[in-house]
Amino acid sequence: MTKPPKPKPLLQDPHKPVRSRPRKPRDPAQPNLPLDPMPDRVDPCLALLKPKPPKGPQWAFEVKWDGYRLAVHIEPTGVRILTRGGHDWTERFPAIAAEARRLPVATAILDGEAVVFDEGGRSDFGRLQQSLGGRGGKRMSREAVLMAFDLLYFDGRDLIGTELISRRHLLERLIPAGGEEAIRLSEEVEADVDVLLRIACDHGLEGIIAKNRNSTYRSGRLGDWLKIKCIQSDSFFIVGYEKSTVARGQIGSLLLAGRKGDDLIYVGSVGTGFKEKDAWALREMMDSITQKTPAIKYAGRRKNIVWLQPTLIAEIEYRAWTDDGKLRHASYKGLRERHDNAAVYEP
C-alpha cells in the first residue's frame, strides 16, 4: 500500500506560517516582454459636424457632452490631466485626478470630456466654467466629472492603432457602466439612431456622437467620428459690443466674427443668454481690450459700438444662418478658454 501524501503545513497545522517556494533567480538570457513607449501627449480625434446621423452597423452612438475635452494620463510617476491644447490642468480637477489614481491600472491614457451636470442630469457648459472661476479663473472644480469615451494606452500597450471596438472593450472593463464616481463611462446607446436623436433633443441635450467601430484613433477631424447637434453651436471672436444703459453689464449685444483664410468676417450679433454676474465680468474683460478701429469690415448702422481686439472667443448657440451669412436666433453660452484650443468658426 502506498503511503498517503504528506499534508502541506497549511492543512497540517493552522498555527504554522505559510511560506511560498523560494524564487529562482531570473535567467538573464530570457528576453523581456517589450512595452510600447507611452506618448507624452496625443492630439485628440475630433468629431466632424453633419446635419443627419449616419446609418449602418459599423456606427456606434453616444450622447454629446458639453464641457472641456481632457486626456487623463495615468503614469508610474502620477496622474496628469491635459486640455485639448496640451496644457496641464491636473490641479484644477482634483476629484478626477484622485479617481484616476484609484483605477485598477498601472498606466493608461483616458480620452473624455469634463462636465458639470445640472439638476436634470444634463451637462452644462456654463456651470463647468463657473466651477473653474470663469474664463481665466484659477479655481479648482470639485464638481466636474470625466465622461470617459476612449482608451488610448493601457498597461504598457499603445492602442492608437487598434480598432475602436477593441478599445471600447478594454475601457468598459476598466470603468464599468453606471458608476457615480468622478470618472464615469460614456455609454454607447443601442437604439434606432433617428429615435435616439429625437429623444436627445427632447431632453435638452446638445446632440449625439457617431463613431466608426472599425476606425483606429486618428488625430484631427477626419470623419471617423461625427457629431449631430440638436441646436447648432460654434465658437466666434467677439470683435465689439453695443453699449446699453438697460441691459445686463450694459451690453446691448456682442458683435461676432468668424475666420475666412487670414481675414475675419462679420457673422452677426448676439444679445441674449447673459447672466448678470457673467455679463459684468465679460464687460470688464472687454473694456481692457478696446481699440479705435474695427477688426472686420462693418457696414451696419448700430450706434454706441465699442470695437475690441479679437482675442475673446465666445461659444454661441444658434438655429440657422441667414442667406447673407448671419446667425439666426443666437444665444450666448460663455467664453471658451485658450487652453481649450477652441476652433473659431470658418464658413
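This is a chat between a biologist and a modeller about the structure above.

Biologist: Before we start, what kind of model is this, and which residues count for what?

Modeller: It is a predicted model, where local features need pLDDT of at least 70, side-chain atom pairs count only at pLDDT 80 or more, and totals for chains, interfaces and linings use all residues. Residues are numbered from 1 along each chain as its sequence is written, and side-chain values use heavy atoms, with hydrogens and water left out.

Biologist: Thanks! How many helices and strands does the protein have?

Modeller: There are six helices and 18 strands. Both are DSSP runs numbered from the N terminus, with helices being H or I of at least four residues and strands being E of at least two.

Biologist: And what share of the residues is buried?

Modeller: Of the 347 residues in the protein, 46% are buried. Buried means under 20% relative accessible area, exposed means over 50%, and partly exposed is in between, using a 1.4 Å probe and protein chains only.

Biologist: What about contacts between residues far apart in sequence?

Modeller: Among contacts with a separation of 6 or more, 67% are between residues 24 or more positions apart. A contact here means heavy atoms within 4.5 Å.

Biologist: Let's go to helix 4. Which of its residues are buried?

Modeller: In helix 4, residues 164-174, the buried ones are L164, R167, R168, L171 and L174. They cover an arc of only 120 degrees around the axis, which puts them on the same side of helix 4. The arc is taken over the directions from the helix axis to the C-beta atoms.

Biologist: Which residues are exposed on the other side of helix 4?

Modeller: I165 and R173 are exposed there.

Biologist: And what do the buried residues of helix 4 pack against?

Modeller: They pack against strand 2, strand 5, strand 6 (145-154), strand 8 (183-185), strand 9 and strand 10.

Biologist: I also noticed S215. Where does it sit, and is it buried or exposed?

Modeller: S215 is in the loop between strand 9 and strand 10. It is buried, with a relative accessible area of 7%. Leaving aside neighbours within four places in sequence, S215 is in contact with T162, E163, L164, R167 and D224. L164 and R167 are among the buried residues of helix 4.

Biologist: Nice link. How does the span of helix 6 look?

Modeller: Helix 6 has twelve residues, 276-287, and should span 16 Å at 1.5 Å a residue; its end C-alpha atoms are 17 Å apart, which agrees. The expected span is 1.5 Å times one less than the number of residues.

Biologist: Which residues of helix 6 are buried?

Modeller: A279, L282, R283 and M286 are buried. Seen down the axis of helix 6, the buried residues fall within an arc of 105 degrees, so they line one face. K277 and E284 are exposed on the other side of helix 6. The buried residues of helix 6 pack against strand 11 (232-243), strand 12 (251-260) and strand 18 (331-335).

Biologist: Changing topic: how many disulfides are there?

Modeller: The count comes to one disulfide, taking a disulfide as a pair of cysteine sulfur atoms within 2.5 Å. C201 is joined to C230, with an S to S distance of 2.1 Å. The torsion about the S-S bond of C201 and C230 is about -90 degrees, so the disulfide is left-handed. C201 lies in helix 5 (residues 193-202) and C230 in the loop between strand 10 (225-229) and strand 11, so the pair ties together parts 29 residues apart in sequence.

Biologist: How accessible are C201 and C230?

Modeller: C201 is partly exposed at 31% relative accessible area, and C230 is partly exposed at 22%.

Biologist: Last thing: what is the volume of the largest pocket, and what lines it?

Modeller: The largest pocket has a volume of about 780 Å³. Its lining has 33 residues, of which A47, K64, R84, R221 and K227 lie nearest its centre. On a 1 Å grid over the protein atoms alone, a pocket is an open set of points with protein on both sides within 12 Å along at least five of seven lines, and lining residues have an atom within 4 Å of a point. Grid points are joined across faces, edges and corners, and the volume is the space filled by probe spheres set on the points.

How values were computed
1 Å grid on protein atoms, 1.4 Å probe; cavity = no way out; pocket = protein on both sides within 12 Å on 5 of 7 lines; lining within 4 Å.
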